[in-house]
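Work through the exercises below with the model open. Try each task before reading its solution.

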Amino acid sequence: MKVVCSQSELNAALQLVSRAVATRPTHPVLANVLLTADAGTDRLSLTGFDLNLGIQTSLAASVETSGAITLPARLLGEIVSRLASDSPLTLTTEESGEQVQLTSLSGSYQMRGMPADDYPDLPMVESGMTLKLQASGLVQALKGTLFASSGDEAKQLLTGVHLSFTDRNLEAAATDGHRLAVLQVDDALQAAADGTEGDDAVFAVTLPARSLREVERLMAGWRSEDPISLFCDRGQVVFLAADQMVTSRTLEGTYPNYRQLIPDGFSRTLTMDRRALVGALERIAVLADQHNNVVKFSSQPESGVVLISADAQDVGSGSESLAAELSGDAIQIAFNVRYMLDGLKAMAADRVVLHCNAPTTPAVLRPVEESDGFTYLVMPVQIRS
């Protein structure tokens with residue numbers, strides 16, 4: 001194999017695929033990235049795969065001799081990132097195929113690799129479900145829900161985001177048992193799910209949050225108007241965008257029926273300016289973080305304000321007063337301040353409504369503009385009076 005490519009492009013590609021390289025590999029070759037040079041297309045392809053998440057990308061290169069090899073991801077990444085960006089890099093493998101020479105204007109480096117044949121193949125979905133997604137719609141759905149997924153591996157299914165497609169719409173949902181984020185994106189699909197028109201065309205899948213964060217990262221920089229292809233078959237999902245690919249296993253099991261968690265109606269509403277609320281909560285969080293992250297909302301309908309307070313025992317206390325449109329009786333209800341801030345920052349609306357019934361029942365935060373399609377349910381924290 002002999003290939004010449006740009007340092008900056010190779011560095012960017014390595015940074016991308018290294019995110020799918022195992023930190024504690026079960027087999028030595030999984031600590032490597034696979035490099036494949038193709039003289040026919042003049043492209044260098046890079047692959048990282050930890051058996052659950054796979055990322056593949058390619059870049060334009062001058063390929064003198066085709067070939068493939070795997071190299072230690074961390075070592076290669078650290079060397080390439082430190083080389084001058086104005087110098088082309090040359091990668092050459094010896095006849096044995098296991099030693100690679102990396103040459104730039106400033107010097108040359110030798111690295112021992114492992115044969116490409118030892119590297120596991122990325123799962124390729126040949127049949128099953130195929131969807132065409134708008135990149136912006138997918139990014140919007142992921143930004144609005146990923147943060148609410150669980151980090152507890154014991155709750156395997158809750159460490160993912162549930163994606164369901166009905167007709168041309170996408171609904172994403174994530175919950176960790178304490179809060180639930182649901183975002184509906186209309187016209188996220190270029191064609192109706194399953195290729196059929198009508199509301200009965202339904203397809204749903206739960207994917208690990210870790211894999212979807214990589215999809216979001218990839219799509220956030222996607223400048224093309226072309227759709228992304230999503231293939232799903234036998235427990236594997238592939239997202240394909242131009243020359244970049246992310247593969248992921250699906251999470252098996254039945255995702256909770258989250259719709260039944262959202263109360264049908266509410267007796268109290270607190271409507272506030274979102275930015276003012278975020279500012280007040282961030283200031284109060286300085287104290288709340290000292291104790292148990294709890295902030296208390298006290299509505300005062302007669303004066304049209306909401307008092308937001310925190311009491312950190314033996315440290316101090318603080319309160320902020322916020323103008324609000326209130327309906328229903330006065331209420332005192334407490335929340336984890338971090339959960340509230342996560343939900344508010346996932347919204348773009350100017351004004352938000354906090355819907356609640358009682359201090360111990362689920363509360364729902366929504367943008368005033370109903371068209372936004374975002375619902376954020378938070379379980380209150382019980383306060384001892």
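The exercises cover one sheet and the two helices packed on it.

This is a predicted model: local features need pLDDT of at least 70, side-chain atom pairs count only at pLDDT 80 or more, and totals for chains, interfaces and linings use all residues. Residues are numbered from 1 along each chain as its sequence is written, and side-chain values use heavy atoms, without hydrogens and water.

**Exercise 1.** Give the strand order of the open sheet and name its edge strands.

Solution. Helices (H or I, at least four residues) and strands (E, at least two) are DSSP runs, numbered from the N terminus. Strands pair if DSSP finds at least two bridges between them. The order of the four strands is 22-21-20-24, with antiparallel pairing. Strand 22 (316-323) and strand 24 (332-336) are the edges. Strand 20 (residues 294-300) joins strand 24 through five bridges. There, V295 faces F335.

**Exercise 2.** Place helix 5 and helix 6 on the strands.

Solution. Contact means heavy atoms within 4.5 Å. Helix 5 (residues 274-291) touches strands 20, 21 and 22. Helix 6 (residues 337-345) lies across strands 20 and 24, at about 80 degrees to strand 24. Axes are lines fitted to C-alpha atoms, for helices over the stretch in contact; angles run from 0 to 180 degrees between N-to-C directions.

**Exercise 3.** How do helix 5 and helix 6 pack?

Solution. Their angle is about 155 degrees, and the axes are 10 Å apart. Helix 5 is therefore roughly antiparallel to helix 6 (angles over 145 degrees count as such). Helix 5 residues in the contact include L277 and L281; L341 and L344 are among those of helix 6.

Note on methods:
Parallel < 35°, antiparallel > 145°, perpendicular 65-115°, else oblique.
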